[in-house]
Amino acid sequence: MPSDLVIVYHRQPYEEVVENGKTKFKENASPNGIVPTLKSFFGSVEHGAWVAWKLAEDTANPDFERVVEISDSYGDYSVSRLPLTADQVREFYHVTSKEAFWPVLHGFRERYNYDPVDWPNFREVNWAFAEAAAAEAAEGAVVWVHDYNLWLVPGYLRQLRPDVRISFFHHTPFPAADMFNVLPWRKEIVASLLACDVVGFHIARYASNFVSVARSLFDVEDIVRVRVDDDFISEGTALTERTQPTHIVHNGRTVHISAAPVGVDVEYIKKQAALEETADKVVSIREEMADRKLILSVGRTDYTKGGTVQLESFGRLLDAHPELRGKVRLMHVSVSANRNMTAYAEVQDAIELAAGRINGKHGSFDWTPITLISRAVPFSELVAYYQAADVCWITPLADGMNLVCKEFVASRQDEDGVLVLSEFAGAAVELNAAVITNPYSYRSMDSAILQALNMDRAERRDRMKTLRQVVEKYDIRAWGREQERAFELAAAGRTAH
Ligand code: GDG
């Protein structure tokens with residue numbers, strides 16, 4: 001059945017489990033990710049479709065149905081599963097996307113690895129995604145493509161289906177031309193993005209950077225800029241911009257540029273936070289902590305998340321402040337998503353080394369300064385830790401948005417707790433009531449965590465109240481509305497041309 005909305009996202013929108021020899025599609029156990037949000041868009045269309053990949057030994061004859069129909073609480077939609085071999089997945093996702101694109105997107109030029117990239121494979125996989133999307137889309141449908149691993153899909157799709165509206169959302173940062181143009185495939189990638197009706201980012205800086213890249217490679221005829229909403233100006237911080245582009249014209253076509261920060265499902269988190277089990281867990285964590293302060297840090301194991309920088313700052317804090325020894329504990333949750341990748345294995349080793357060294361230097365029989373957790377904590381438990389923490393310490397070196405800091409704020413119905421946030425997380429342009437820190441500066445890192453530990457109740461409450469207003473205003477639904485508005489603008493623009 002043709003679909004009015006086709007979402008192209010590399011992961012499938014459910015968990016596939018085999019029960020009594022039968023395959024069943026279950027809703028994702030972890031409801032905090034972006035997947036449920038995207039699925040909720042199916043509620044407002046007659047029929048939706050989702051395109052994702054699925055591992056197959058023989059892609060010409062996969063041992064599964066290519067397209068399945070799903071009915072769940074989000075509505076009725078098809079899921080088109082693109083059969084890819086393990087080699088194709090490794091090349092397109094783990095090598096090209098993670099070793100070449102990811103470091104450049106996050107400004108780590110020295111980590112960029114060009115040699116192993118199999119560009120023809122990347123093209124083939126993206127072409128296959130575009131074909132699958134073209135097969136599902138109704139006349140004039142919206143096709144919504146997500147993230148850099150599908151960068152070439154819009155260009156191919158435009159060739160296959162000139163009638164559809166294409167919107168592309170970047171979950172990562174987007175760097176300026178000096179950095180982006182390190183990629184030798186820059187022109188092909190940007191040409192594909194310019195085939196979109198809407199190119200979306202979290203914040204104005206990334207949108208401006210994209211326009212700077214487009215201008216460096218193509219003749220861009222017109223650029224319209226507007227002032228950034230005051231809600232997204234965090235005075236003097238690294239990622240703040242004062243104006244943002246709203247559309248550009250290239251080859252007579254208008255490409256809308258949108259900047260809208262992804263938010264969290266505040267209602268869901270509030271519900272989790274209000275559960276009796278969560279309250280019991282909070283009490284037991286607090287009992288365990290006694291009069292000690294709990295600093296919480298949560299993120300994926302990735303060099304962009306700045307794990308070792310943070311641990312080293314904690315080490316310096318204990319060196320310089322003997323009065324804090326035995327009085328503070330850091331719970332560092334760093335979850336490995338890609339254990340088989342060398343770059344991530346190195347980060348994991350470095351984190352373990354730093355934590356081990358600090359624990360060895362300062363720990364005692366009854367006090368371990370750092371609790372390192374390398375496996376995922378269930379979300380319901382995570383919410384209890386968010387509520388029990390005195391400080392949530394989020395210090396990425398670069399991060400498209402960062403949802404952990406917003407989840408922490410959404411969990412704090414008690415209006416207590418301090419957020420220390422890197423100014424290099426996209427969220428910093430909204431959350432200026434956090435203690436903002438620069439992870440590239442020892443002095444800034446060390447003084448921020450100390451300020452957070454010493455903050456009095458009145459200031460904590462004032463800051464948390466402001467943070468909560470922002471996180472509630474720009475929750476996941478606000479982002480959804482913004483995306484729909486962008487689709488509509490694009491539709492109006494196309495009929496006008
Ligand atoms: C990309 C961009 C952008 C983490 N540890 C556990 C756990 N998590 C969950 C958190 C949060 C999610 O993972 C992480 O989201 P982030 O936004 O912080 O980071 P990325 O995974 O890098 O996501 C990022 C995002 O896309 C959205 O556009 O914000 O900048 O890099 O939801 O809760 N969840 C559970 N246990 C854990 O131990 N259950």
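These exercises, with worked solutions, concern a predicted model.

**Exercise 1. Domains**

Identify the domains of the protein chain and describe how they meet.

Solution.
- Start with the assignment. Domain 1 covers 3–263 + 477–492, and domain 2 covers 266–473.
- Next, take the centres over C-alpha atoms. Domain 1 and domain 2 are 30 Å apart by this value.
- Then look at the contacts. Domain 1 brings 30 residues, which touch 30 residues of domain 2.

**Exercise 2. The largest nonpolar core**

Find the residues of the largest nonpolar core that touch the most other members, and say where this core lies relative to the domains.

Solution.
- The core has 147 residues. Those touching the most other members are F101, W151, F174, I189, F210, L419 and L421.
- Both domain 1 and domain 2 give residues to this core, so its place is between them.
- A separate core of 23 residues lies apart from it; I7, I70, W144 and A260 are among its members.
- Now take I189. Which residues does I189 touch, once those up to four places away in sequence are set aside? They are F101, W119, W151, L152, F180 and L183.

**Exercise 3. The cavity**

Describe the largest cavity by volume, lining and class of residue.

Solution.
- Count first. One cavity of 30 Å³ or more is present in the structure.
- Volume comes second. The largest cavity holds about 40 Å³ of space.
- List the lining. It is made of G417, V418, L419, A433, A434, V435, M455, R460, R463, M464 and L467.
- Assign elements. Strand 17 (418–422) and helix 15 (457–473) each give two or more residues to this lining. Helix 15 provides the largest share, four residues.
- Sort by class. The lining has eight nonpolar residues, one polar residue and two charged residues.
- Link back to Exercise 2. L419 lines the cavity, and L419 is also listed among the core residues that touch the most other members.

**Exercise 4. Two loop residues, E430 and S441**

Place E430 and S441 in their loops, then decide for each: buried, partly exposed or exposed?

Solution.
- E430 sits in the loop that joins strand 17 and strand 18.
- Its relative accessibility is 3%, so E430 counts as buried.
- Check its surroundings. Neighbours within four places in sequence aside, E430 contacts D231, F232, P261, M401, K406, V470 and Y474.
- S441 belongs to the loop between strand 18 (435–437) and helix 14 (442–454).
- S441 has a relative accessibility of 23%, so it counts as partly exposed.
- Look for a partner far along the chain. S313 is 128 residues from S441 in sequence, yet their C-alpha atoms are 9.8 Å apart.

**Exercise 5. Positive phi outside glycine**

For A290 and N402, give phi, the loop and the accessibility class.

Solution.
- Begin with A290. Its phi is near 50°, a positive value although the residue is not glycine.
- A290 lies in the loop from helix 9 (276–289) to strand 13 (293–300).
- With 53% relative accessibility, A290 counts as exposed.
- Turn to N402. This residue, also not a glycine, has a positive phi of about 95°.
- N402 lies in the loop between strand 16 (391–394) and helix 13 (404–411).
- N402 has 8% relative accessibility, so it counts as buried.
- Put the two side by side. A290 is exposed, whereas N402 is buried.

Note on methods. Residues are numbered from 1 along each chain as its sequence is written. This is a predicted model: local features need pLDDT of at least 70, side-chain atom pairs count only at pLDDT 80 or more; totals for chains, interfaces and linings use all residues. Side-chain values use heavy atoms; hydrogens and water are left out. A nonpolar core is a set of buried Ala, Val, Leu, Ile, Met, Phe, Trp, Tyr and Cys residues joined through side-chain atoms within 4.5 Å. Buried means under 20% relative accessible area, exposed over 50%, partly exposed in between (1.4 Å probe, protein chains only). Domain bounds come from an automatic or database domain assignment. Contact means heavy atoms within 4.5 Å. On a 1 Å grid over the protein atoms alone, a cavity is a set of points where a 1.4 Å probe fits but cannot get out, and a pocket is an open set with protein on both sides within 12 Å along at least five of seven lines; lining residues have an atom within 4 Å of a point. Grid points are joined across faces, edges and corners, and a volume is the space filled by probe spheres set on the points. Ala, Val, Leu, Ile, Met, Phe, Trp, Tyr, Cys and Pro count as nonpolar, Asp, Glu, Lys and Arg as charged, and the others, Gly among them, as polar.
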